[in-house]
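Hi,

Here is the structure I promised to pass on. Have a look at it first, and then read my notes below.

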Amino acid sequence: MDDSDNSINLFFITRRRLLTGTATGAAAWPFQAKSLAGELTDGSAADPALRLCGNWQRIHDETLALCREQQRLETHLARIVGFPCAKVRLADGTDVTLHSIESLNDAHSPENEVEWGRALADFVAHRARWDAADAEIGYSRTDELIRQSEAAESALLDDLPQTAATSIEGILAKLKVILRDGEHWEHPDDFPWPHIRSVLNDLIRLHGLDAATNPSSEKQQNSQSR
């Protein structure tokens, strides 16, 4: 075992990699240029896929904002209280710092019963201080809001394959949602993301949209922000 617990409870770690891609999240939709110019056709305006993707993007942006707030609150808690932990001496004499009840239980042995009991009491007291500060600033409340927002995103994403696009803008929007969501969870240079990005680039170019909305430029901005 290392001198610190390698399995810190995920409750204390902002779980999504969303914040590595805020440039992508803030960038324009591929159909936005024509939409803002009032050039969408009647068919595009009524496209159910376009509406679904617009709703997904709105909720996705809300999730991003909540994740940024959660990260800020987490940093604040870590600074004023510290992540709950306790130091314990193992039976072999090794001192370790543990960050969960589970890891403390794993470290228990008859040889270190007294030392383990002290460490458990220290952890419980530390966790109580964390919980009190959490209740005051709303870290856990923000975490629950993120879960709700993610669930709403996921529900719309599940509906996407069954929602037929009736316009080129709807097709572009569906590809954009797939690309944007997938790149958050996997490396953006791995298959199939460059291939999807290439198809999206082709459609944008053939549809005559402004180059500023090209997702390859988003990818470059995103790389610079990491």
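A residue counts as buried when its relative accessible area is under 20%, and as exposed when that area is over 50%; anything in between is partly exposed. Keep in mind that this is a predicted model.

With that cut-off, let's start at Asp 143. Its relative accessible area is 6%, so Asp 143 is buried. You'll find Asp 143 in helix α7, which runs over residues 139–159. Its side chain has a partner, too: a polar contact of 2.7 Å links Asp 143 to the side chain of Gln 70.

Now for the overall picture. The protein chain has ten helices and two strands, and in sequence order they read α-α-α-α-β-β-α-α-α-α-α-α. The chain is 226 residues long, and 42% of them count as buried. Take the contacts between residues at least 6 apart in sequence: 74% of those join residues at least 24 apart. As for the surface, the chain exposes about 11900 Å², with 55% of that supplied by carbon and sulfur atoms.

The helix I spent some time on is α9, residues 193–207. Its 15 residues reach 21 Å from first C-alpha to last, close to the 21 Å expected at 1.5 Å a residue. Which residues of α9 are buried? They are Trp 193, Ile 196, Arg 197, Leu 200, Asn 201 and Ile 204. These cover an arc of only 140 degrees around the axis, so they sit on the same side of α9. The spacing fits the usual geometry: an α-helix has 3.6 residues a turn, so residues three or four places apart point the same way. Over on the other side of α9, Arg 205 and Leu 206 are exposed. Right after the helix comes Gly 208, with a positive phi near 80 degrees.

Last, the cysteines. How many disulfides does the structure hold? Zero. Cys 53 has a relative accessibility of 1%, so Cys 53 counts as buried. Cys 85 comes out at 24%, which means that Cys 85 counts as partly exposed.

If you only open two spots in the viewer, I'd pick the Asp 143 and Gln 70 side-chain contact and the buried side of α9.

Cheers

Technical notes. Residues are numbered from 1 along each chain as its sequence is written. This is a predicted model: local features need pLDDT of at least 70, side-chain atom pairs count only at pLDDT 80 or more; totals for chains, interfaces and linings use all residues. Side-chain values use heavy atoms; hydrogens and water are left out. Helices (H or I, at least four residues) and strands (E, at least two) are DSSP runs, numbered from the N terminus. Buried means under 20% relative accessible area, exposed over 50%, partly exposed in between (1.4 Å probe, protein chains only). A polar contact is a pair of N or O atoms within 3.5 Å; within protein, one must be able to donate a hydrogen and the other to accept it, and residues adjacent in sequence count only if both atoms are side-chain atoms. Contact means heavy atoms within 4.5 Å. Accessible areas come from the Shrake-Rupley method with a 1.4 Å probe; for residues, only the protein chains shown count as cover. The expected span of a helix is 1.5 Å times one less than its number of residues. The arc is that of the directions from the helix axis to the C-beta atoms. A disulfide is a pair of cysteine sulfur atoms within 2.5 Å.
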